[in-house]
Amino acid sequence: MKEYLYKQVQDYILDKIHNLEYKPGSKIPSERKISEDLDINRMSVRNAISKLVEDRILYRLHGSGTFVANIKNSRGKMVVSSFTPDSFNLNMSALGRYTNSRVLSFKVIYDNKDFKKFFNSVDAIYELCRIRYVDSKPASLEYTYFPFKQFIDAIRYDFSESSLYEYMEYKGKRPVKFDKITEVIVDEKVNIILDNKKDTSVFKTTYIGKTEDNINVEYTNSYVNLEDIEFKYIRKK
């Protein structure tokens with residue numbers, strides 16, 4: 001699977017933020033300038049910037065340009081107000097934290113009635129279980145379910161190295177809309193895997209990922225340690 005050009009642009013911008021060449025509140029160069037500097041087409045640059053805006057690492061001001069957000073609060077924690085399964089690594093990278101993933105299991109499940117209904121009568125689904133590390137410490141655990149029929153060759157990929165969402169985009173079925181249910185829980189099994197004390201609270205988010213056509217292509221349960229993260233809720237009126 002090829003590496004997408006927009007991912008190269010994302011990494012370039014994140015490195016600039018990490019090295020404080022792009023400081024919080026400062027304006028980043030124009031799409032045209034970044035395109036020329038990297039010799040990458042402007043559409044890829046625009047897609048990369050849009051993704052970083054979506055993940056609250058950058059923000060746009062109409063008529064003024066694109067700026068670096070302040071993703072740390074006064075206590076040095078990452079503030080996340082709009083969280084998706086792939087934004088965790090991006091935010092941590094922007095903070096200069098080293099992240100990596102390990103696949104605990106990846107298998108096909110058959111005849112699961114709940115998911116058969118959820119994925120519109122698909123008989124088989126994938127279950128991908130991954131643990132994410134920040135600075136070599138366990139930080140989050142994810143169980144992701146997605147339909148086998150639409151991603152038949154997924155089993156060939158190592159999703160500790162490859163991005164699941166980039167693979168889904170390669171297949172033309174990347175989730176772009178998310179329904180989310182969040183809660184703080186104590187889960188002994190999760191705490192064992194994350195090397196926590198058994199009574200440690202973790203932040204659980206259930207994501208339902210949909211394509212532009214509102215087709216369900218992902219169901220993820222994510223469990224995140226709260227040590228380095230502050231979640232900010234915005235109430236919509």
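Two strands are taken to pair if DSSP finds at least two bridges between them. The legends below describe close-up views of a predicted model.

**The protein as a whole, as context for the close-ups.** The predicted model contains seven helices and ten strands. Of the 237 residues in the protein, 46% are buried. Among contacts between residues at least 6 apart in sequence, 58% join residues at least 24 apart. The protein exposes about 13,200 Å², and carbon and sulfur atoms supply 47% of that area.

**Strand order in the open sheet of six strands.** The order of the strands is S4-S5-S6-S9-S8-S7, and their pairing is antiparallel. S4 and S7 stand at the edges with a single partner strand each, so one side of each is left without a neighbour in the sheet. From one strand to the next, the twist averages 15°. Strands of a sheet pair through backbone hydrogen bonds, in either a parallel or an antiparallel arrangement.

**Strand S5 and the burial of its two faces.** S5 spans residues 124-134, and eleven of its eleven residues are buried, so the strand is largely enclosed by the rest of the structure. In a regular strand the side chains alternate between the two faces of the sheet. On one side of S5 lie Ala124, Tyr126, Leu128, Arg130, Arg132 and Val134, all of them buried. The other side holds Ile125, Glu127, Cys129, Ile131 and Tyr133, which are likewise all buried. Buried here means under 20% relative accessible area.

**Leu128 of S5 and the residues opposite to it in S4 and S6.** Strand S4, residues 99-110, pairs with S5 in the antiparallel sense over eleven bridges. In this pairing, Phe106 stands opposite Leu128. Strand S6, residues 137-147, runs antiparallel to S5 and is joined to it by ten bridges. Here the residue opposite Leu128 is Thr144. S5 and S6 form a hairpin with two residues between the strands, in which Asp135 takes a positive phi near 50°.

**The hairpin of S1 and S2.** Strand S1 (residues 58-61) and strand S2 (residues 65-68) pair in the antiparallel sense through four bridges. Arg60 stands opposite Thr66 of S2. Three residues lie between the strands of this hairpin, and Gly63 has a positive phi near 85°.

**Helix H1 and its buried face.** H1 covers residues 5-18, which makes 14 residues, and its first and last C-alpha atoms are 20 Å apart, close to the 20 Å expected at 1.5 Å a residue. The buried residues of H1 are Tyr6, Val9, Gln10, Ile13, Leu14, Lys16 and Ile17. Seen down the helix axis, these buried residues of H1 fall within an arc of 155°, so they line one face of the helix. An α-helix has 3.6 residues a turn, so residues three or four places apart point the same way. Just after H1, Leu20 takes a positive phi of about 65°.

**Surroundings of Asp158 in the loop between S6 and helix H6.** Helix H6 comprises residues 164-170, and Asp158 is found in the loop between S6 and this helix. With a relative accessibility of 40%, Asp158 counts as partly exposed. Asp158 and Phe106 are 52 residues apart along the chain, and their C-alpha atoms are separated by 9.4 Å. Phe106 is also the residue that stands opposite Leu128 in S5.

**Lys180 in strand S7.** S7 consists of residues 177-186 and includes Lys180. Lys180 is partly exposed, and its relative accessible area is 38%. From C-alpha to C-alpha, Lys180 is 5.5 Å from Thr206, while the two are 26 residues apart in sequence.

**Contacts of Asn196 in the loop between H7 and S8.** Helix H7 (188-193) precedes this loop and strand S8 (201-210) follows it, with Asn196 found in between. Asn196 counts as partly exposed at 22% relative accessibility. Leaving aside residues up to four places away in sequence, Asn196 touches Asn191, Val202 and Asn225. The C-alpha atoms of Asn196 and Pro138 are separated by 9.0 Å, and these residues are 58 apart along the chain.

Key. Residues numbered from 1 in each chain as written. Predicted model: local features only at pLDDT ≥ 70, side-chain atom pairs only at ≥ 80, totals over all residues. Heavy atoms only, no water. Buried < 20%, exposed > 50% of the residue type's maximum accessible area, 1.4 Å probe, protein only. Contact = heavy atoms within 4.5 Å. Areas by Shrake-Rupley, 256 points an atom, 1.4 Å probe, with all protein chains shown as cover. Expected span 1.5 Å × (residues − 1). Arc of directions from axis to C-beta. Axes fitted to C-alpha atoms, helices over the stretch in contact; angles between N-to-C directions.
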